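Dear colleague,

I am handing over the structure we spoke of, and you will find the sequence and the coordinates just below. My notes on the contacts follow after that.

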Amino acid sequence: MPVPLPQPMTWRKSSRSGGGENCVEVGCAHGTRAIRDTKLGETSPVLHVTDRAFTAFLRHLLR
């Protein structure tokens, strides 16, 4: 069963998307980050993580 998204959720498209079809969006609301597939939009499955987990993920990518 899908988990409802916190409202309001503000979505931002990745700056690294480059116009291709491999795009993701990150949404932020109330200490939660949500990640979804841009091309699927509202119908995309959403991965929910805490702000802390998302920050750790980004730090790992930037090594």
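To begin with the charged side chains, glutamate 42 and arginine 36 meet in a salt bridge, with 3.5 Å from N to O; please bear in mind throughout that this is a predicted model. The two partners differ in their surroundings, since glutamate 42, at 69% relative accessibility, counts as exposed, whereas arginine 36, at 9%, counts as buried. Arginine 36 also forms a salt bridge with glutamate 25, at 2.6 Å from N to O, and this pair links distant parts of the chain, with arginine 36 in strand β3 (residues 32-37) and glutamate 25 in strand β2 (residues 24-29), eleven residues apart. Both arginine 36 and glutamate 25 are buried, and Glu25, Arg36 and Glu42 are linked in a network of salt bridges. In addition, arginine 36 lies over the face of tryptophan 11, at 3.8 Å from the ring centre.

A search of the whole structure finds four salt bridges, and one of them joins aspartate 51 to arginine 33, the closest N and O atoms being 2.8 Å apart. Here too distant parts of the chain are linked, as aspartate 51 belongs to helix α1 and arginine 33 to strand β3, 18 residues apart. Aspartate 51 is partly exposed at 28% relative accessibility, and arginine 33 is partly exposed at 22%.

As for the fold, the chain has one helix and four strands, which run β-β-β-β-α from the N terminus on. Of its 63 residues, 19% count as buried, and the chain exposes about 5100 Å², of which carbon and sulfur atoms supply 57%. Among the contacts with a separation of 6 or more, 16% come from residues 24 or more positions apart.

The helix also carries the one aromatic pair that the structure holds. The ring centres of phenylalanine 54 and phenylalanine 57 are 6.4 Å apart and their planes stand at 40°, so the pair is tilted. Because these two residues are three apart in helix α1 (residues 51-61), about one helical turn separates them. Phenylalanine 54 counts as buried, at 10% relative accessibility, while phenylalanine 57 is partly exposed, with a relative accessible area of 44%.

Lastly, Phe57, Leu58, Leu61 and Leu62 make a nonpolar surface patch of about 430 Å². Leucine 58, which has its place in helix α1, counts as partly exposed at 36% relative accessibility.

With best regards

Notes: Residues numbered from 1 in each chain as written. Predicted model: local features only at pLDDT ≥ 70, side-chain atom pairs only at ≥ 80, totals over all residues. Heavy atoms only, no water. Phe/Tyr/Trp six-rings, centres within 6.5 Å; stacked < 30°, edge-to-face > 60°. Buried < 20%, exposed > 50% of the residue type's maximum accessible area, 1.4 Å probe, protein only. Lys NZ or Arg CZ within 6 Å of the ring centre and 35° of its normal. Contact = heavy atoms within 4.5 Å. Areas by Shrake-Rupley, 256 points an atom, 1.4 Å probe, with all protein chains shown as cover. Patch = residues over 30% accessible without salt bridge, like charges linked within 9 Å, V, L, I, M, F, W, Y side chains within 5 Å.
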